[in-house]
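User: Could you take one close look at a single part of this structure for me? I would like to hear about one sheet, what packs on it and which side chains meet there.

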Amino acid sequence: MRCLFATDLDRTLIYSKGARALGDDHGADQVCVEIHDGKQTSWMTAECASTLERLAVLGEVVPVTTRINDQYRRVRLPG
């Protein structure tokens with residue numbers, strides 16, 4: 001049986017530069033997941049990326065967001 005995983009996107013899975021500065025994972029490896037106007041704008045931890053890839057094997061991962069479609073389409077999640 002396949003599962004459905006729903007999760008918030010911003011400040012849960014991915015973080016902007018400003019939000020990263022507020023976090024406590026400064027030493028964590030970061031993976032860029034969004035580029036806007038040629039600049040990296042959002043990241044997730046490498047551990048989160050690995051977990052997301054494993055979840056995608058088990059079922060569908062559905063990011064929940066208040067972003068408009070154009071903003072959401074810029075995000076490239078692993079898995």
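Analyst: Happy to. One yardstick first: a residue is called buried when its relative accessible area is under 20%, exposed when it is over 50%, and partly exposed in between. Please also keep in mind that this is a predicted model.

With that yardstick, C3 is partly exposed, because its relative accessible area is 36% and so falls between the two cut-offs. C32 is partly exposed as well, with a relative accessibility of 27%. As for cysteine pairs, the count of disulfides is 0, since a disulfide needs two cysteine sulfur atoms within 2.5 Å.

Now to the sheet itself. Three strands make up an open sheet, arranged in the order β2-β4-β3 with antiparallel pairing. Its edges are β2, residues 15-16, and β3, each of which pairs on one side only. Helix α2, spanning residues 46-58, packs on this sheet and touches β3 and β4. The direction of α2 makes about 70 degrees with that of β4.

Let's zoom in on β3 and β4. Strand β3 covers residues 30-36 and strand β4 covers residues 39-45, and 6 bridges join them in the antiparallel sense. In general, strands of a sheet pair through backbone hydrogen bonds, either parallel or antiparallel. Following the pairing along, E34 has S42 as its bridge partner in β4, while I35 sits opposite Q40 in β4. The hairpin leaves 2 residues between these strands, and D37 adopts a positive phi near 55 degrees there.

E34 deserves a longer stop. This residue belongs to strand β3, and E34 counts as buried because its relative accessibility is 2%, which is under the 20% cut-off. What do the side chains of E34 and R67 share? A polar contact of 2.9 Å joins them. The side chain of E34 also makes a polar contact with that of R74, again listed at 2.9 Å. Leaving aside residues up to four places away in sequence, E34 touches K39, Q40, T41, S42, R67, Q71, R74 and V75.

Put together, your close-up shows E34 as a buried residue in strand β3, with S42 as its bridge partner in β4 and side-chain polar contacts to R67 and R74.

Terms used
Residues numbered from 1 in each chain as written. Predicted model: local features only at pLDDT ≥ 70, side-chain atom pairs only at ≥ 80, totals over all residues. Heavy atoms only, no water. Pairing = 2+ DSSP bridges. Helix = DSSP H or I, 4+ residues; strand = E, 2+ residues; numbered from the N terminus. Buried < 20%, exposed > 50% of the residue type's maximum accessible area, 1.4 Å probe, protein only. Polar contact = N/O pair within 3.5 Å; in protein donor to acceptor, adjacent residues only side chain to side chain. Contact = heavy atoms within 4.5 Å. Axes fitted to C-alpha atoms, helices over the stretch in contact; angles between N-to-C directions.
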